[in-house]
Every structure is written in structure tokens, then in C-alpha cells.
Amino acid sequence: MSLDSPIEYLQGVGPSRAQLLRSELEVHYFRDLLHHFPFRYIDRSRFHKIRDIRDDSTLVQLQATLDDVKEIKQKRGSRLEAWISDETGRMKLVWFQGVRWIRPQLQVGKQYLIFGKPNRFKGQFSLNHPEIQQMEEGKVPLLGELQPVYSSTEKLTSKGLDTRGLSKLMKNLLPEVLKEIKEVIPEEIVSDYRLMDRQLSYAQIHYPKKSELLKKARFRMKFEELFFLQMSLLLSKVARIKKTRGHVFTSVGDKFNTFYSEHLPFELTNAQKRVIKEIRRDVGSGQQMNRLLQGDVGSGKTIVGLLIMLLAIDNGFQAALMAPTEILANQHYKTLKQLLTGTGVRIGLLTGSTKQGMRKSLHQALEFGELNILIGTHALIEDKVKFQNLGMVIIDEQHRFGVAQRAKLWKKNSIPPHVLVMTATPIPRTLAMTYYGDLDVSQIDELPPGRKEIKTVHRNDGNRLRVFQFMEDEIKKGRQVYVVYPLIEESKKMDADLKDLMDGYESLSRRFPRPEYQIGIVHGRMKPEDKDYEMLRFATGDTHILVATTVIEVGVNVPNASVMVIESAERFGLSQLHQLRGRVGRGAEQSYCILMTGHKLSADARTRLETMVRTNDGFQIAEVDLELRGAGDIMGTRQSGEVALNIANLITDGPILGMAREAALRIIDEDPELQKDSNRIMIPELRKHMAQKSRWAKIS
């Protein structure tokens, strides 16, 4: 038998169980079962006395004598009751199922080892369906300190493959395969990171003898999993760099220099200057750039993007900026058009709403090189859109685009353009290393000077009148206010959410009557031209209060707006709350975010709100969001290919991930082709790993 033997050939499995293991756990071969690791362990080294059992006792282990057993007939079948005792008291054991095979195991007067979860009924504790094992001549069975617990399913349990059944299969499996397990990590890395022997690690993971050994085994297996994940990402990056030539931007010309010296509206922060240097180094290297730019709301990513596009234009290339929504594309277009006034740079906008006549002239200008920068939505990736010489692509809020959508842009030149993907949703360090491990990552980690930190408070419905008064005070100072309602894009919820929004609008209209106050409304069911009209009125200051759904989450820049009121804030995710808050605080005045909720809040909702009140740091917020939601939800991996980890956890194992990446980088830097004899032992494992993992982070 080998690691690649089909699972049905393992003693205790057979055809029907094999089919279930395949469908329920994706266990096809011995290797798959070996990697079905326990998700927790029960401490079996401690014994309780009956009198020590309390209401909060979770699982208890007893040594006791069996005093009495009786089978009690019921309408359907029968139940089994047994009484046990030790020197401190008596207790009842109950079985409602499996009576026929449990009854013969129970002998009055014998000593047993009993394990289970206590239940309290009419002031008395009992154990329902406990594990029970007869003790030989008063000796305690050698169970080891820790008993593994495996995840199972209802279907598997019905076939006897609960955690105990799976544990029995592991006992059959380990002697068959342990001798096959060879070292796959170079000796130098094993030594430097003090990794446990690989064979011993598998043995201790499934049957730990001591908690210390288990700890070392788990560290070893987590390190190995994350190490090969990082190796595959970094090798993918090496292969891409080797294979893909990039346009070389050799000069910093008139467009860049003129804009920088004469049109730049403010002094760049040191973080912005550092990122521009990193990008300039990339685009001058002769290799295609693939860089992720992270920056909190308002950190100045757009101006960095513009300077890089001007660099492309100075070198004879065109640039494209793709945004996920028309509102954001329009906002970028208006901002950049205003900034580029008087520079001679020709800029165009292409969205789903662009009229046919305008679309045709845009296509023509683009193809003949008369257009320098094209900004747009998914419309940019249409086959009809042809560039004369596309050299730079910038993608905003890139996680909203699928890999296939993005890839269409790269094919719009014979040599793929340089790629800069930007996000205002800070990504926790562990996720950036994992999902974007084959990209270079830049970070703008400081806000422009003069920006004041937004003050955030949590208020419930009982404070509404005080909130209204605060809004009025701010409006009288010449400021403007957003009031945002949730809108879940599902047909059943949409009508109710729109009703909430309209009720809120009417309530505000009564409190802030015309003509003294002007209130606008924006939501997803409005026609684009109506939305644009309302947004324009707010942007020009004609509207004092804008009542909206999350359509204003990104792309709205009104420096005079100083108050963001978020209704039903408990229904928003942390990332969305942070994005919404970033719509204010864009001017020099003090800004405020007010989180409105009802009185009843879940523990998670309370954590989200407390986090928002405590910090404005997007990276801290992202870390809390990761703990609450998990990696899959944050990165949208349901759409783009999930990082499947057997034992490591991206939320809790960040330090191990850092060590694994450090080790992988060391090897790649010294031996990118893995030619050294000491490194060649990794190759078979790497091939398996790269074959199994989807390329979730692949950009081009």
C-alpha cells in the first residue's frame, strides 16, 4: 500500500464507506485521509470525581464502578440506564440508541473508564451516550494525554465514521504510510526553524503522546503548508518575470515634470513619493510590472495613479484606468480632467451609458493614438476597444473584477502593459502575503497633511433628536450631511430597504423643512441621469442633506461634507462602514461619523461598532474584519478560487506565515531555478502543490 492507494483498499473502509469519504470529505486516496487533520483535541489525562461535576463542566472523564443496569421499554424501542459510583457519589448513564450492542459490554461490579458531557435534569447530573471502556484489574488504559477530534458529517456518522470511527481508520492508515513519508523541506530550513521530523509530526498530529510534542508537530505541519504555498507563489512570480517582457519607460518627460511642478494641487506625502519611486523602478526594468497599491481612504492613491499614467504618456504609450462602477469612473474622469486642464493631455470616458456616437469617436481616437488616457468601467474590456499602444493599466478596487475580466485588458497590446491594481480596502498582512504573494505590494501609510481624524460615535434610536440637532448645527456652519441607509441587493429585501430609506427621507423632510433646507435622495433604482443630477447638486452645495444608499460608498468627493450618519449601522460590514466614513473628512474642517442602531445588537455587530469608534486605521479595522468574517469572505474567494488550507489558519497563524515566506524568499533569492541538490527534494511536493492550487492571485 502507498500514499496514492485508493481509499477503499484501507482496512475498515470498503466500497460504500469509500464512496461516502469521497463525496463528504473529498478523501480519495490514503494521502487525503492522512491530511484530514484533527480540528481539536480532548485532554484525557485528567480524571474527575462525581462530586466535582458542575453546570459549566464541558467534558468529564471518570473512573467508576458499575452498580446497576436496566433496559427500559419505550413506545419505540428501548433506552438503557446504568448507575455508576465512586467514593464521592453516584451518577446515571443513559443510552437512547445502540442499546443492543452496548448492553452486553456492561457488567455490574466491574470498574469502567467513562467519558462524556454532563447534563443536568431535575437537579441531578447524568451522562447521555458516554464513551465507556472496562478497566483491567483496576489499571487505567493508556490513552495518552490528548484524544484527537475529527470533523465528520451526518452521513459519515450514520456509517460509523464519526470522530471515533475516523480515529480507528487513522490507526489502520499510519502503519501503512508512515514509512513512505520523506523529508520535503531543505535540511538548512528544517534546522534553522527547528522543525520536527516529518514522519514524527504526522504521527503526533494524529496520536499525540504529550501536549508539547503536539505543539511542535502542529507548528511543523503549518509551516510546511504555508511554506509550499509561498514557494509556489514566488516561483510563479519568477516564471512570469522571466517569461514576460515589459515596456521600458526610460524617461521622465514634459508631461510628468510640467504637471508635477505647475499643476500638482498639494505637496506629495513621503509615502506617495516612496511608492512612485518603487513603480518607476519597476517600469524601467524591462519586465512587466504587477504591483498592488494599498492605501486607506483619502491617502492619495489617485494622484499617484495619474503621475504614473503621465510617465507612460511621456514614453509614447497610452494609459487606461478601470473602475468597478459608473459613479466611480465618472468621479475619476471629472477629477483627472480638472487636474489635467492646460496640460495638453487628452482624456476620455467610456461606460455603459456612453452614447453610440460618442463611443464611435472614442474608439477612433483611441486606435489612432489621439487619446492619451481612457477611463471607464467594464466597457474598456470590450473587443471593439482597441488601443494604439497601451502601456499602463490601473485598476481601482480591483477585488470587484474577476480574473478573466482583468486579463482581457492585458491582451490589448502585443507586449502586456504594466499593471497597477489599487484598493482602498486595506488587506491584512497575512492575506496580502497569501492572495497577492506573487505581486509586489506598495502601501501608502500616511494621510495628506492637514487632514483631521474623523470623530466616530455610536448612537441608538433614543438619541435621534440630539443627532438631528447636531446635523442642524453643522449645516448652519455651512457644512453638508450624508445620511446612508443599507440596501441589500436581493428582491425580497429591496422593497423593505427602500421603504426604510423613503421613511427616513420623509422624517428628515419634516425636521428640516424647505426652503430653508434642501434634501436630496439617491438610490440604485433611480435613472443614472437622475442620480447624477442629485449628486451634482450635493457636490455644488445646493443640497444640504443627501439621503442615500451605499451607492455613495466610493467615488464621491465633497470636501464640504462633514457629517456621515449611517442608519442601521449594525447591518453593514466593517469594511463598508470604513469606506462610508471615508466620504467625509476630505476637507480641512473637523468631520464626524454617527453610527445609528437599535438597542438589540449581536456580539459581532457590537465588535464592529466598537472598532469603528476606537480607530480610523484601515489596517487595524481590516485585522478585526478578518477575525470576524474569515479570509474567504474578505477576499471574495467564492468567486475567484479559494486558498484551501488543511491545518494552517490565516487568522491565527500570521507569525508562522511570516516565517514560511521568509524561508521561501531566502531559497528563491539564492537558487531561483532550484538547482542545488539540497533544494531538489522540494520539487515533487511543489509540483503536487501547484497542480492542486488554483492561481487565485494571478494577474497576468
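Two strands are taken as paired if DSSP finds at least two bridges between them. In this predicted model, strand β11 (residues 318-322) meets that criterion with strand β13 (residues 373-376): 4 bridges join the two, which run parallel. Ala319 of β11 stands opposite Ile373 in β13. β11 also pairs with strand β14 (residues 390-396), again in the parallel sense, over 5 bridges. Here Ala320 has Val393 of β14 as its bridge partner.

These pairings belong to an open sheet of 7 strands. The strand order is β12-β13-β11-β14-β15-β10-β16, and the pairing is parallel. β12 (347-350) and β16 (440-444) stand at the edges. Each has a single partner strand, so one side of each is left without a neighbour in the sheet. From one strand to the next, the twist averages 20°. Towards the β16 edge, strand β10 (residues 290-295) pairs with β16 in the parallel sense over 5 bridges. Leu292 of β10 stands opposite Val441 in β16.

How many residues of β11 are buried? The count is 5 of the 5, so β11 is largely enclosed by the rest of the structure. In a regular strand, side chains alternate between the two faces of the sheet. In β11, Gln318, Ala320 and Met322 point one way. Ala319 and Leu321 point the other way. Residues of both sets are buried.

Helix α18 (residues 528-539) was examined next. α18 has 12 residues and reaches 16 Å from its first C-alpha to its last, close to the 16 Å expected at 1.5 Å a residue. Its buried residues are Lys531, Glu534, Met535 and Phe538. These four residues cover an arc of only 100° around the axis, which puts them on the same side of α18. An α-helix has 3.6 residues a turn, so residues three or four places apart point the same way. The buried residues of α18 pack against four strands: β18 (480-484), β19 (519-522), β20 (545-548) and β21 (561-566). The face turned away from the buried side carries the exposed residues Glu529 and Leu536. Gly541 follows α18 and has a positive phi, near 90°.

Confidence varies along the chain. The mean pLDDT of the protein chain is 85, and 90% of its residues reach 70 or more. Over residues 637-642 the pLDDT is below 50, and this stretch has 11 contacts in the model beyond near neighbours in sequence. Residues 694-700 also have pLDDT below 50, with 31 such contacts. Where pLDDT is low, the predicted coordinates should not be read in detail.

Terms used: Residues are numbered from 1 along each chain as its sequence is written. This is a predicted model: local features need pLDDT of at least 70, side-chain atom pairs count only at pLDDT 80 or more; totals for chains, interfaces and linings use all residues. Side-chain values use heavy atoms; hydrogens and water are left out. Buried means under 20% relative accessible area, exposed over 50%, partly exposed in between (1.4 Å probe, protein chains only). pLDDT is the predictor's confidence in each residue, from 0 to 100. Contact means heavy atoms within 4.5 Å. The expected span of a helix is 1.5 Å times one less than its number of residues. The arc is that of the directions from the helix axis to the C-beta atoms. Axes are lines fitted to C-alpha atoms, for helices over the stretch in contact, and angles run from 0 to 180 degrees between N-to-C directions.
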